[in-house]
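Reader: I would like to learn how to read cavities and salt bridges in a model. Could we take them one after the other?

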Amino acid sequence: MAETKSTCCYCGVGCGVIIEHEAGQITGVRGDPDHPANFGRLCTKGSTLHLTAAPETLPLRALYPEFRAERNMPRRRISWDNALDHAADKFARVVEEHGSDAVAFYISGQLLTEDYYVFNKLAKGLIGTNNVDTNSRLCMSSAVAGYKATLGADAPPTCYEDLDTDCLFITGSNTAFAHPIVFRRIEDAKAANPDMKIIVADPRRTDTAEIADIYLPLLPGTDIALYNSMLHVMLWEDLLDEDYIREHTTGFAELKQLVREYSPETMAGVCGVPAADIIAAARLFAAKGKRTVSLWCQGLNQSAHGTHNNAALIHLHLATGKIGTQGNGPFSLTGQPNAMGGREVGGMATLLSAHRDLANPAHRAEVAKLWGIPDVPATPGLSAVELFKAVGEGKIKALWIACTNPAQSMPEIDKVVEAFDACEFVVVQEAYNNTDTTDLGDLILPAASWGEKEGTVTNSERRITRVRQAVPAPGEARPDWQIMVDFALRLGKALGKEALARQLFPYAKPEDVFNEHRETTRGRDLDITGISYAMLENEGPKQWPLHEGESTGKQRLYSDGIFATADGKARFLPTKHLGTVDTTDARFPLRLTTGRLRDQWHGMSRTGSVARLYAHEREAVIELNISDMARRSLKDGDLVTAANKRGKIVVQVRASESLRPGLAFMAMHWGRHFVDNGGANVLMPQTYDPTSKQPELKHTSIRVEKFDPKWRLVAMCRASPSTPPGANAADVMARLPRLQAWLPRFAHATLGLAGRDNAVIVLRAWMDAPMSAEDLADLDADIGLQANMALRLDDPGRGIQKRAMIESNTLTVVRLAGEVAASDWLEELMATGASTAEARKWLLAPLSRPPVAGKSRGRIVCNCFDVSENEILAEYKSGCDLKTLQDKRKCGTSCGSCVPELKRLAHAAAA
């Protein structure tokens with residue numbers, strides 16, 4: 001066995017990992033104790049990364065180039081040469097006939113910095129279009145714009161060590177779920193310093209809010225009102241640093257006049273937060289002689305006024321002088337593993353290399369000189385929402401999508417999916433074949449993924465880490481940078497620019513790309529001329545800026561009070577409360593917010609292949625306050641339609657104590673490969689911030705009504721115990737795409753996995769009338785049910801037909817049609833692989849509980865040690881406290897992601 005150090009490929013915390021591998025196969029992963037981002041810790045997602053690279057997941061990978069000449073035809077395997085030649089010819093023809101701006105690239109914060117750089121140079125340098133944008137537009141562009149508007153540059157001024165502070169203000173972030181290892185640091189800091197105060201502002205009382213000394217349950221879209229009201233208190237109570245404001249900032253006088261109207265008493269009604277709590281939060285934030293750090297993420301960014309949300313929060317630091325020193329400063333948490341790296345290379349429609357602005361003629365001239373071309377195009381590129389609107393209008397004739405899933409992640413997703421029909425040619429460069437977007441591609445190019453490629457990434461604290469290859473990519477998959485260099489050379493020839501293409505893309509390895517990128521940063525705010533692959537290899541991750549000749553980068557920025565503006569001073573903006581795009585009314589009386597789950601990530605192409613990551617949340621649900629449930633005569637598990645002027649979705653409903661009346665919540669991960677509709681983004685508006693162009697993906701208004709189809713179906717399958725583990729599990733995973741095709745055939749359906757070591761595929765469906773015998777037979781074939789081996793129960797009069805298949809005393813296939821009461825305990829029986837000897841005669845009975853000794857385990861809370869909610873509650877009720885529970889069951893002692901829930905369950909057991 002060998003070991004290779006690399007990084008986790010999920011969120012922007014940038015955790016170091018050690019990949020264990022043998023004979024070309026990843027076999028394990030653990031946290032890197034030497035990496036300064038995590039010091040060996042990993043969350044539930046990171047600690048299961050090796051399972052996403054297991055042999056059984058190969059049916060979900062894109063392994064070979066595939067092409068279709070017509071949209072109504074299936075794709076067929078072709079060679080790389082044919083694939084890239086065809087792509088080059090098609091793009092060249094579009095450019096020659098319609099101009100450079102008729103093509104576009106939509107890329108990803110999950111690409112490595114080197115990949116990003118090549119994409120950017122290809123579009124802006126060779127083709128001559130600025131139509132290259134990224135899913136970071138949906139994630140961090142408002143933070144970028146907010147930093148630039150106030151501090152002068154897109155540079156988070158803080159670092160993880162600053163979480164050891166006196167006051168922590170977490171706003172617009174469920175850090176416990178979205179950035180679990182950062183939350184572990186917060187818990188450690190609080191434990192080491194019990195006097196540390198934590199303020200959490202969030203419409204939902206999340207796991208993050210459980211740690212708060214002050215919880216501010218603000219209404220969606222009232223962030224600016226809250227921050228301005230806090231600034232009002234600071235003004236009134238003389239809590240500002242007047243010297244800092246005078247010496248290091250401009251524009252405060254206008255803002256000061258504006259916030260006089262934002263008294264806590266007035267804003268309490270706007271924000272839905274008691275005035276006393278606003279005052280208390282302001283006093284803690286601005287306390288003299290104390291340090292304060294603010295943390296935020298999509299709650300601020302995904303807004304039609306996200307830039308001003310960010311600015312209003314940063315104002316609090318500037319007004320109190322709490323920036324640039326240890327334990328002080330604003331700190332945006334990056335959503336993706338390399339959104340920072342993408343921003344560094346200018347991989348967005350509004351940026352150029354090394355934090356240069358596309359709109360700045362001098363910056364364009366600098367990049368043109370660095371690249372050795374006459375000029376960089378001045379015409380602004382299309383940002384994400386603009387780009388897909390242009391696709392739908394037929395203006396973009398050829399579209400290249402890499403490492404992202406816009407057919408699931410964009411707002412008003414049904415419009416986006418329809419837009420693809422108007423595009424002549426769609427290339428999808430992707431590691432996985434199971435995304436909503438790969439379904440729409442004309443040409444699929446298989447890309448190398450985590451553990452299979454080389455390069456660098458930059459995390460939330462500006463720290464650059466080497467990403468190392470541990471194993472070869474499967475099939476014919478290639479690294480992204482290499483695909484694009486090969487394409488660029490072919491495109492250059494097709495455009496009659498062969499010499500220019502060879503000049504622009506001379507790279508033989510990722511390090512060549514990095515070295516060129518490094519040179520573009522010379523003299524810039526993110527200068528990394530002192531960093532090399534050798535330094536990262538020998539000394540470990542480094543923060544920028546790190547100039548040539550230096551050995552360490554800067555932990556904190558602006559310690560000297562000099563900012564990245566023309567006059568060196570930070571700027572206050574006149575930020576006013578604006579509210580949300582959609583407001584509630586009699587037709588749409590509920591506010592819907594979105595967010596992340598603890599154990600899933602983005603569109604689930606990777607995490608969705610790991611059965612145990614469904615254990616905490618098995619399928620899509622919409623959560624409501626119990627009073628809103630009662631008003632609509634709803635109970636947990638009922639189906640509802642959630643609708644607004646953009647569309648509607650059908651989903652199960654569940655009561656939640658985390659929500660105030662009138663507020664709903666739905667996780668953003670579920671797309672058409674896991675549910676029969678496009679998920680929450682069907683309902684979200686495309687309206688975006690005018691500066692950052694980031695859409696308001698966090699909020700809309702909806703109505704919720706009961707939906708009551710009368711007929712149910714549950715179909716489940718797992719691997720046979722008699723087949724070799726890797727082979728039989730791969731056979732089961734190969735059934736997923738076939739079952740995904742069934743989802744739109746039902747009134748509502750969900751598809752997911754269950755179990756731990758034995759993955760069970762679970763299809764749950766609802767219809768108004770029973771399925772035909774022919775359809776049931778087709779479904780049975782797709783789940784591997786062999787009629788001659790199946791137990792049978794038929795009740796035609798009630799539309800009930802049940803089947804169960806047992807192999808070597810293990811239940812491997814179940815299909816319940818018309819009556820599904822036993823589905824949960826049968827799922828558990830399949831997942832554990834327990835003997836069916838005692839339960840055999842009850843398998844098709846309408847029993848909601850197991851017929852033999854033992855209770856259902858219920859939902860898994862601790863994924864690391866497989867400890868369920870029922871088991872935890874039983875331990876608490878037997879007299880255990882949290883410490884005793886952890887000593888006995890180990891839950892919460894590994895990644896720690898479940899600790900907030902363990903504490904909540906302790907309170908529930910004591911009630």
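Reader: How do the residues of the lining of the second largest cavity divide into nonpolar, polar and charged?

Author: Please keep in mind that this is a predicted model. The general idea is to sort each lining residue by its type, and here the lining of the second largest cavity divides into 10 nonpolar residues, 1 polar residue and 1 charged residue. Among the residues that line this cavity are Cys8, Tyr10, Cys11, Val13 and Cys15, together with Leu42, Cys43, Lys45 and Gly46, and also Ala178, Pro180 and Ile181. Because Lys counts as charged and Gly as polar, the charged residue of this lining is Lys45 and the polar one is Gly46.

Reader: How many cavities does the search of the whole structure find, and how much space lies in the second largest?

Author: The search finds 4 cavities of 30 Å³ or more, and about 90 Å³ of space lies in the second largest cavity.

Reader: Turning to salt bridges, how many does the structure hold?

Author: The structure holds 79 salt bridges. A careful reading of any one of them takes in the N to O distance, the place of each partner in the chain and the exposure of each partner. In one of them, the side chains of Lys5 and Asp34 meet at 3.1 Å, N to O. This pair links distant parts of the chain, since Lys5 is in strand 1 (residues 2-7) and Asp34 is in the loop between strand 3 (25-31) and helix 1 (49-52), 29 residues apart. Lys5 is partly exposed, with a relative accessible area of 34%, whereas Asp34 is exposed, at 57%.

Reader: In the salt bridge of Glu20 and Arg30, is Glu20 buried or exposed?

Author: Glu20 has a relative accessible area of 18%, and it is therefore buried, because the cut-off for buried is under 20%. Arg30, at 32% relative accessibility, counts as partly exposed. The side chains of Glu20 and Arg30 meet in a salt bridge of 2.9 Å, N to O, and this pair joins strand 2 (residues 16-22), which holds Glu20, to strand 3, which holds Arg30, the two being 10 residues apart.

Reader: Which parts of the chain does the salt bridge between Glu476 and Arg77 link?

Author: Glu476 is in the loop between strand 20 (463-467) and helix 19 (480-494), while Arg77 is in strand 5 (residues 76-77), so that the pair links parts of the chain 399 residues apart. The closest N and O atoms of Glu476 and Arg77 are 3.1 Å apart, and Glu476 is partly exposed, with a relative accessible area of 28%.

Technical notes:
Residues are numbered from 1 along each chain as its sequence is written. This is a predicted model: local features need pLDDT of at least 70, side-chain atom pairs count only at pLDDT 80 or more; totals for chains, interfaces and linings use all residues. Side-chain values use heavy atoms; hydrogens and water are left out. On a 1 Å grid over the protein atoms alone, a cavity is a set of points where a 1.4 Å probe fits but cannot get out, and a pocket is an open set with protein on both sides within 12 Å along at least five of seven lines; lining residues have an atom within 4 Å of a point. Grid points are joined across faces, edges and corners, and a volume is the space filled by probe spheres set on the points. A salt bridge is a side-chain nitrogen of Lys or Arg within 4 Å of a carboxyl oxygen of Asp or Glu. Helices (H or I, at least four residues) and strands (E, at least two) are DSSP runs, numbered from the N terminus. Buried means under 20% relative accessible area, exposed over 50%, partly exposed in between (1.4 Å probe, protein chains only).
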